[in-house]
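Visitor: I am new to this structure. Please take me on a close look at one part, the core and what packs around it. Then show me how other spots compare in setting.

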Amino acid sequence: MKQTGLDAAALASGESVFAFGTKAETLLRLKPRLVGAQIPESCHFSAGQWLAQRDELLDAIQQQFESVLLAVRSSALVEDGAKSSNAGAFLSRLKVRCSDRDELAAAIDNVVASMTGHSRDQVLVQSMAEDIALSGVIMTFDMVHGAPYYCIEYEDETGRTDMVTSGAGIHKGLYVYRDANPALIRSPRVAAFLGLARELETLCACASLDIEFGMGKSGALILFQVRRIALAHSWHPVTEIRVRRQLVHVKSFVRDCSRRRDGILGARTILAVMPDWNPAEIIGTTPRPLAVSLYRELITDGVWCKARAMMGYRDLPHTVLMVSVSGHPYIDVRQSFNSFLPAGLPDAIGERLVNAWLDRLQALPELHDKVEFELVQTCLDFCFDEDFSARYPALLDDAQLQTYRSALRDLTRSSLKAGPDSTLERALLGTAEVHKAVLSDPVDDGGNAWLARAAFLIRQCREHGALSFAVVARHAFIAENLLRSARRRGVLTEERVAELRRSIRTVTGEMVMAYAQACRSEVSRADFLREYGHLRPGTYEITSLRYDERDDLFDTEQDLLFHARALDFVLTDIERDGLDALLAEAGLDVLGAEQLLDYVRKAIAGREHVKFLFTRMLSDALCALGRWGALHGLSRDDLSHLPWPRLADCLVEPGMDYVDRHFLVLAEEGRRTLAAAHAFRFSHIIFGVEDLYIATHSRSAPNFVGSGKASGPIMELNADTSANLLIRNRIVCIESADPGFDWIFTKSPSALITKFGGANSHMAIRCAELGLPAAIGCGQQVYERILAAGQVELDCAQRILKCLGGE
């Protein structure tokens, strides 16, 4: 490991360099020198001594500690080394009664037996810390990449000292850039944690430390353990310098994002990964260059706002929705909020609204994946007046509010109005026609023909598939708002809304039934793959295998099939009258109750159908690109590290070198850039430049789907997980799920939990249709805690999601 600045400072001052020993020896050497924390009273002895002097050692321990509770811990020679920590490899016994000689001896026997058998392995006996308010761990550098952040995790609910290290409990976490201005630290507790870390760095003459600590209810810190980070020797030597240099430019970029923009209302912006066209769910938080460039090309560089302008929202020509902060994609929330303003709304009113929406998001960041339901009113639903007055009292005067309400009413009426000129009908028809044309157009082999085919499909995807999808997706949000507000007004119950959702047959329900028929040989598997074979986990990721490229998709065990049943849903007379009254009251009487339900069904099912066709065009484009790459010696992995515009340049200008040699150099550059992106620790919401230096782990309120419940073991899946995996009656956890994961619905899981995802996301709709209990978009902290616990209880009706492991 390289010598740190702290090492050099200690040597220059003439102080003796601190010598790490075993766990016990290190704590003993620090005890008389450490000022910022207490170290519990302790004693230690070797395994050999225990075998030879058992009774004498028990006498000495009982004399030293009398009747207190003890922690009996391993302190083996192979623990806490410079290049290997063996953290958690050996036993610890907590809350051992010193007064009970047999219990004490048994605890020591257990710890000794768990170690290597070396006679010089040690046992550390400490008095148990009392009145613990919190316990935690501080890594003074990012453990994997060596990025210069203090990585702090702590638990402040149970009073146990091992909750973070055991992986149980409700963890709170943050990253603090090592050179962050201390004035940015607003929490006295966090300031104390950092003070302890910095004191230990100085005392130990080592900057890369793994620190286990606690805090008593009095506020006093307690040090349980400190060791070197064993992975430090593997860190790239310039990571710290690179991050420091690049943060200067990132800070300037983020500050510039909040400057006034021509044609854009709002005094500032917020950058976030989940609002609107949430990149965290769709392409991930550190996507590869090809995926992020295709997402820009197809959605966020213009299609997103063009679709909304077609529907009557504010026209924002050539407005980019997604920015990239050192390889991390973020939505420019100010741009997003501008696109939700009705066309023709006076700028003075729009300015007030955008600023108020931004302020509410900053005050309630846990709503970052629910902006269309909890922050921004994008249509006139049946609770508009109540919600606006509760969220934004006195924001607009009576005349301004009436202007805004009337503009939203006109937009909503236009969206609901049926007929051939409806934007919903045109979008649904347009996608189907364009896809027929694409399928009938063959391609020649050789040269750049496959690349040209990919470019053609991507253009079709952008101009027709993506645009239609964006329109239908917005209609689905309007439909969802109307449904929710009808429930809140008491016209439809929660149970009846769930029944309505289950009556809507989407492409997933059709796929589940087709899959069952293929497994029963009622239809050929070739026919199934011809229709659904384009699906891939990771819609934009070329390295993700399609269904028709996998050999593990079919499982002939019939009892594993999840049977989707579409229910008939008929309004009662009371419900019909109630909906008609709500429509009349809101001025949305362009349709009646039955027509409203038709609209809801068409928008929700249509969203999934258009996405299905849209992803087919994109998946076929990626296949064509892969074929071109194979002809020129480029693997899918190589292509994934190349941005689409650089590849498409081959169609408009000649290359001055062999194709493989040219692009392999660029792919390697892409790999280096992606590796550098992983070194940064940014918040999932960036309110200002200070969030570049202090990043909290994301918190989200889960989007509960349905009213069902499930409890038991979990199983995490990713894009590479075999489709033959047995997940029957297991609670499935997926970081960010898209249509390529629809195979899980054929395997009878008991519930679904995702890290990312919104209330109206693909998976939320799928689970509602199939009646599968789900918690969509639970956030980083909750998701990682669930994985660590291994078991979870989910009760959608009671809105409960909690771990069953640990305590």
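Guide: The protein chain's secondary structure comes to 28 helices and 21 strands. The model is predicted. Of the 807 residues in the protein chain, buried ones make up 57%. Contacts also reach along the sequence. Take those in the protein chain between residues at least 6 apart: 71% of them join residues at least 24 apart.

Now the core. The largest nonpolar core holds 117 residues. Leu353, Tyr404, Tyr540, Leu625 and Trp644 have the most contacts inside this core. Its largest share comes from helix α18, residues 449-488, which gives 19 residues. Another core lies apart from it, with 67 residues. Cys151, Ile152, Ala180 and Trp235 are among the residues of that other core. A general point helps here: in soluble globular proteins, nonpolar side chains tend to be buried together.

Look closely at Trp644. Set aside its neighbours within four places in sequence. Trp644 is then in contact with Leu290, Ser293, Leu294 and Glu297. Its other contacts are Leu451, Ala454, Ala455, Ile458 and Leu625.

Several of those names lead to helix α10. This helix covers residues 289-300. Of its 12 residues, 10 are buried, so α10 is largely enclosed by the rest of the structure. The buried ones start with Pro289, Leu290, Ala291, Val292 and Ser293. Leu294, Tyr295, Leu298, Ile299 and Thr300 of α10 are buried too. Just after α10 comes Gly302, with a positive phi of about 160°.

Back to α18. Its partner here is helix α23, residues 593-631. The axes of α18 and α23 are 7 Å apart, and the packing angle is about 160°. An angle over 145 degrees counts as roughly antiparallel. The two helices, α18 and α23, are therefore roughly antiparallel to each other. Their crossing is left-handed. By class, the residues of the contact of α18 with α23 are 28 nonpolar, 5 polar and 5 charged.

Set a second helix pair beside that one. Helix α4 covers residues 54-65, and helix α5 covers residues 101-114. They pack at an angle of about 115°, with axes 11 Å apart. The crossing of α4 and α5 is right-handed. From α4, the contact uses Arg54, Asp55, Leu58, Asp59, Ile61 and Gln62. From α5 come Arg101, Leu104, Ala105, Ile108 and Asp109. The contact of α4 with α5 has 5 nonpolar, 1 polar and 5 charged residues.

Next, a strand. Tyr175 lies in strand β7, residues 172-177. Its relative accessibility is 18%, so Tyr175 counts as buried; the cut-off for buried is under 20%. Along the chain, Tyr175 and Tyr693 are 518 residues apart. Their C-alpha atoms are separated by 7.7 Å. Leave out residues up to four places away in sequence. Tyr175 then touches Tyr149, Tyr150 and Cys151. Tyr175 also touches Arg681, Tyr693, Ile694, Ala695 and His697.

Now the loops. Arg550 is in the loop between α21 (525-532) and α22 (573-586). Arg550 has 14% relative accessibility, so this residue counts as buried. Again leave aside neighbours within four places in sequence. The contacts of Arg550 are Pro537, Leu545, Ala719, Thr721, Ser722, Ala723 and Trp743.

Leu364 sits in another loop, between α13 (347-363) and α14 (371-375). Leu364 is partly exposed, at a relative accessible area of 27%. In sequence, Leu364 and Leu375 are 11 residues apart. In space, C-alpha to C-alpha, Leu364 and Leu375 are 9.3 Å apart.

Two aspartates finish the tour. Asp131 is in the loop between β4 (122-127) and β5 (132-139). Asp131 is not a glycine, yet its phi is positive, near 50°. With 51% relative accessibility, Asp131 counts as exposed. Asp276 is in the loop between β10 (271-272) and α9 (279-282). Asp276 is not a glycine either, and its positive phi is about 55°. At 12% relative accessibility, however, Asp276 counts as buried.

Note on methods:
Residues are numbered from 1 along each chain as its sequence is written. This is a predicted model: local features need pLDDT of at least 70, side-chain atom pairs count only at pLDDT 80 or more; totals for chains, interfaces and linings use all residues. Side-chain values use heavy atoms; hydrogens and water are left out. Buried means under 20% relative accessible area, exposed over 50%, partly exposed in between (1.4 Å probe, protein chains only). Helices (H or I, at least four residues) and strands (E, at least two) are DSSP runs, numbered from the N terminus. A nonpolar core is a set of buried Ala, Val, Leu, Ile, Met, Phe, Trp, Tyr and Cys residues joined through side-chain atoms within 4.5 Å. Contact means heavy atoms within 4.5 Å. Axes are lines fitted to C-alpha atoms, for helices over the stretch in contact, and angles run from 0 to 180 degrees between N-to-C directions. Angles under 35 degrees count as roughly parallel, over 145 as roughly antiparallel, 65 to 115 as roughly perpendicular and the rest as oblique. A crossing is left-handed if the near helix is turned anticlockwise from the far one by less than a right angle, and right-handed if clockwise. Ala, Val, Leu, Ile, Met, Phe, Trp, Tyr, Cys and Pro count as nonpolar, Asp, Glu, Lys and Arg as charged, and the others, Gly among them, as polar.
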